[in-house]
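Below are some notes for a colleague who would like to go through the secondary structure element by element. Please keep the sequence and the coordinates open while reading.

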Amino acid sequence: MKRIWSMQQSFGTTSETLHDFLGISPVVAEILAQRGFRQPEEAIEFLRPTLLNLFSPFCLHDMSKAIERLSLALERKEKVLVYGDYDVDGVTSTTLLYKVLRDLGFQAVAYIPNRQDEGYGLHAGAIERAAKAGVCVLITVDCGVTAVSEVDLARTLGIDVIVTDHHEPPEVLPEAFAILNPKVENSGYPFCDLAGVGVAFKLAQALLQSLGTGDVGIHTELELLDLVALGTIADLVPLVGENRILVHYGLLQMEKTLHTGLEALLEECGLKNKPLKAGQIGFMVAPRINAAGRMDSARAGLELLLTMDPERARELARLLTRENQVRQETEKEILAEAISLLEREPIPRVIVLSANHWHHGVIGIVASRLVERYYRPVFLIAEEGEVAKGSARGIAGYPVLEQLSTQAHLLTKFGGHRQAAGFSLPTEHIQQLREGLNQEASVFKETLFQECLKIDRQIPLEAVSGGLLRELEQMAPFGFGNPGPILACQGIPVHSVSAVGKDRSHIKFRFGAQGEQEGIAFRLGERLNELNSATKLDVAFSLDWNTFRGHEDVQLMIKDVHAEADWRESSISLEGEDSYSEIAVTLEEPQIEWLDWRKLKRAEWPLHGVEDQIWVWDTTGYEPSLTRWNSVGEEKGGLGLILGLPLTEEDFREGLDKLRQLGIYRIALAGFQSPLEERVRQRCKSLVREELVRIFRVLSSKSKEGNPFRFGGDPEISHKERIALKIFEELGLIRCLGGTDEIVLEWVPTQRKLNLESSLRFRSGKERFERALKFQHELLAFAVE
C-alpha cells in the first residue's frame with residue numbers, strides 16, 4: 001500500500017529563534033521545534049546531553065529503604081539473589097547489578113529463568129530453591145511488579161524482595177520490601193520511561209554512592225553505562241530525557257568497554273574500535289544476546305557479559321552468532337508461513353495468527369516484520385497443546401496493552417507496553433480472541449490503518465551537504481521516541497537507476513543533472529522497472545556517510561520513492577494560536593483588555609469592589625508561578641495579574657498563555673520594577689567570565705589534590721556551579737564520571753587557551769541575557785491604552 005507522506009507544519013518564529021540563538025541551520029532548527037524543543041535552553045540540553053542532568057536515584061521513594069536492607073545484608077554476609085529476565089534488557093540488568101554487588105563485597109548470585117520451561121517473571125519454584133539455598137534478599141530486575149502471589153510466597157519463606165521493574169504496574173502491587181519502578185503511582189521519580197536496566201542502574205547508583213569508595217570495585221558509574229545503553233536500545237524505550245543521556249554516554253563508553261564479553265561481541269560483529277551508533281547496537285549486537293534467550297537459555301548471554309576470560313568470551317560470542325543464525329532461519333520460515341496464511345483472504349484490521357509448530361521465542365520478531373509489511377496490529381501465537389503463548393506488536397495510535405485488556409476474560413496472563421505485549425491463553429480461546437480484537441478495532445477510523453511517513457522537512461537537493469549531516473548527527477542517538485530525521489525532495493532529476501547487491505534486491509540512484517548525488521534504497525529491487533522509467537522522482541530519505549577508500553561522501557538513505565508521492569500536510573497546528581512573537585502584537589491583541597498598574601503601589605491597586613476571580617502570574621521569584629489570589633467568581637474567566645516585570649520574553653508569553661487558558665482576557669500589569677541584573681542572569685543561566693574563572697580555579701585546585709575528585713555534596717552544588725560545570729564539560733575541560741548530589745569529576749589537562757564562545761551554553765546564556773534586558777526595557781516603555 002502506498003504510504004501517505006505527512007509534511008509537518010512550520011514553526012515559523014519559534015524555529016527562527018532557535019536558528020538565531022544556537023547558530024544552527026534553519027532545517028535543524030525547524031526539526032527541533034517540531035519535536036517540542038521550543039526554547040533555546042531546551043534545545044541545548046537536548047543537543048548537549050550531560051550526566052549532570054541525571055536525577056538522584058533517591059528520588060525513588062523506596063530507594064533509601066532498599067539501600068538500608070542491602071547494607072544490612074552486606075554487614076550480615078547474607079546471600080542476595082539477582083533474578084532477571086531472558087531478553088537483552090533483563091540480561092544487561094542482571095549483569096550490571098550482579099557486578100556492582102560483587103564488587104562491593106556482597107554474597108551475590110544471579111539467576112535468569114528459562115524461556116521455554118519457566119517463561120517470563122518471578123516463579124514459585126525458583127523462590128523455593130532460593131530459600132533452600134539460604135537466600136535472604138531477592139532483587140528482581142526487569143520483572144516483578146505484577147508478582148503478587150510470588151512475593152507473598154517469598155515473604156513466608158523469609159526472603160525480602162526488592163522489586164526493580166519498569167513495566168506497567170497492576171492495580172494491586174506485590175507487598176515487597178521495596179518497589180523501585182518509576183511507573184508506580186507516587187514513585188517520586190520524575191522520568192517514567194527508563195528501561196529495566198535503567199532502573200537497575202538507579203539502584204547501582206544508590207549502592208555506589210552509599211557504600212562505594214574509590215578503592216572498591218567499579219568506582220565510577222560511567223563504566224557501567226555501556227551495559228545500560230545496550231539494554232535501553234534493545235528494549236525500545238523512548239530515547240529522550242534520561243534515556244538519551246544514558247545511551248549517548250553509554251555508546252561512548254562501549255567504544256572503550258571494560259567488559260571483556262562485550263568487547264568480544266563487538267569484535268564478532270565487526271564493530272570493535274569503530275564509532276558506534278544506536279542502530280548498529282539494536283540490529284547487530286542486541287539480537288545475538290537475544291537469540292540465546294529466544295531459542296534456548298539466556299545464560300550464555302549472561303556468562304558472556306560476566307566473564308573476564310578473553311578466550312571464553314570469544315568462544316561465547318561465536319556461539320551467540322550461531323544461535324542468532326538459527327533464530328534468523330526459524331524466523332524466515334515462520335514469516336513465510338504467516339504471509340502465506342494471511343494472503344489467502346482479505347487482510348483484517350487486526351492480524352491474529354497461530355500454529356502448533358511455531359517457536360514461541362521468535363514470534364515477537366515475526367510479528368514486527370508483519371507490522372512492517374501490512375501496517376496492522378499483529379498478535380502471533382504459538383500453540384503448545386492446551387496452552388498457547390503469544391506476542392503482540394502495534395502501530396501508531398493502537399494501544400496494544402489496552403486492547404488486550406478488553407479480552408482479559410479469554411487470557412490467563414498478559415502484560416507489557418503500549419506498543420508491545422506478551423500474553424497466554426487456552427488454545428481453544430484463540431478464535432474468540434481473533435474475533436474480539438477485530439470487533440474492538442472496528443471503532444477505530446480507517447485512516448489509523450494507513451501508514452504515514454512523517455517528513456520532517458522538505459529541502460532542495462542542493463541543500464544536502466556534509467555540514468547539514470554533521471548538524472543532524474548532533475540529534476543522535478536515534479531510535480524509538482527520537483527517530484532519525486526524514487527529509488524529502490520533490491521532483492528531483494534522475495540521472496541513473498541500477499540494481500545492486502548479491503541478489504540485486506537493492507537500488508542505487510544518481511540524482512541531479514550530472515548525477516552528482518548518490519542514493520541507495522534497500523529491498524526495493526522489485527520496483528526497478530517502475531522507477532527506471534521516471535525522469536523525476538519524489539524522494540524521502542535520511543542522510544548518512546558513504547566511506548570509500550578513505551573518502552567520505554553524503555549519501556541519501558531512501559525510505560520511500562515515487563514518481564508522484566501522496567503528499568499531505570499534518571492536520572495538527574504546531575505553532576499554536578497562543579504563541580506571541582512580539583510585544584506589540586501581544587499587547588494589541590483585541591481579545592485582551594489590558595490594565596496598566598505598573599507604576600501603582602500595591603495599596604493603590606483598584607481591587608475594591610472587584611468580585612471577579614483573580615489569578616496571578618507571579619514573576620517576582622526565580623521561577624514564575626501561577627497562583628490564585630482569591631476564590632470568588634466562576635471557575636473560568638475573571639481578572640489576571642502579571643505581577644513583577646517578567647525577567648524574559650518567554651516568561652511573559654507563558655503567563656499570557658496560562659491566563660488565556662483559564663478564560664481570562666482582562667489582565668493587569670502590576671508591580672513593575674527593574675529587577676537586579678543578577679536575577680536576570682540567573683533566569684537566563686548566564687555567567688560572566690569572572691564567575692567562570694573563579695569556579696575554574698576551584699576545580700583546578702581540587703584536581704591537584706587528586707584526580708578524579710569529588711565535588712559537591714556538602715555544601716550542595718550551587719545553581720551557578722552546575723551551569724559552569726556544564727560549560728566546562730562542553731569545552732572538554734572536565735568529564736563527569738558519576739554521582740548526582742555529590743559528583744565525581746575528572747580534570748582533563750589541556751594546553752589550549754580557553755575560548756568560552758565555543759560553548760553553546762555560554763553563548764546562548766549571554767544572548768538570552770542581552771535579549772531579556774532589551775525586552776524589559778521595551779515592556780517598561782510600552783504604552784498601554
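**Notes on selected elements**

1. The model is a predicted one, and a convenient place to begin is an open sheet of three strands, whose order is β12-β1-β19 and whose pairing is parallel. Because β12 (452–455) and β19 (566–569) stand at the edges and each has a single partner strand, one side of each is left without a neighbour in the sheet. Direction ignored, neighbouring strands of this sheet are turned by 30 degrees against each other on average.

2. Within that sheet, strand β1 (residues 4–7) pairs with β12 in the parallel sense, and four bridges connect the two. The register can be checked at I4, whose bridge partner in β12 is C452. As general background, strands of a sheet pair through backbone hydrogen bonds, either parallel or antiparallel.

3. Antiparallel pairing is found at strand β27 (residues 742–747), which is joined to strand β25 (residues 709–712) by four bridges. Here F709 stands opposite L745 in β27, which gives a reference point for the alignment of these two strands.

4. Strand β27 also runs antiparallel to strand β26 (residues 734–739), in this case with five bridges between them. The connection from β26 to β27 is a hairpin that passes through two residues, and I734 has W747 of β27 as its bridge partner.

5. Which residues of helix α6 (residues 124–132) are buried? They are A126, I127 and A130, and, seen down the axis of α6, the buried residues fall within an arc of 100 degrees, so they line one face of the helix. This spacing can be read against the general rule that an α-helix has 3.6 residues a turn, so residues three or four places apart point the same way.

6. The partners of that face deserve a separate look: the buried residues of α6 pack against the strands β2 (79–83), β3 (107–111) and β4 (135–141), and also against α7 (148–156). Just after α6, the backbone at G134 takes a positive phi of about 90 degrees.

7. Helix α14 (residues 310–342) has 33 residues, and the distance from its first C-alpha to its last reaches 47 Å, which is close to the 48 Å expected at 1.5 Å a residue. At the start of α14, a side-chain oxygen of D309 comes to within 3.0 Å of the backbone nitrogen of E311.

Key
Residues are numbered from 1 along each chain as its sequence is written. This is a predicted model: local features need pLDDT of at least 70, side-chain atom pairs count only at pLDDT 80 or more; totals for chains, interfaces and linings use all residues. Side-chain values use heavy atoms; hydrogens and water are left out. Buried means under 20% relative accessible area, exposed over 50%, partly exposed in between (1.4 Å probe, protein chains only). The arc is that of the directions from the helix axis to the C-beta atoms. Contact means heavy atoms within 4.5 Å. Two strands pair if DSSP finds at least two bridges between them. The expected span of a helix is 1.5 Å times one less than its number of residues. A polar contact is a pair of N or O atoms within 3.5 Å; within protein, one must be able to donate a hydrogen and the other to accept it, and residues adjacent in sequence count only if both atoms are side-chain atoms. Axes are lines fitted to C-alpha atoms, for helices over the stretch in contact, and angles run from 0 to 180 degrees between N-to-C directions.
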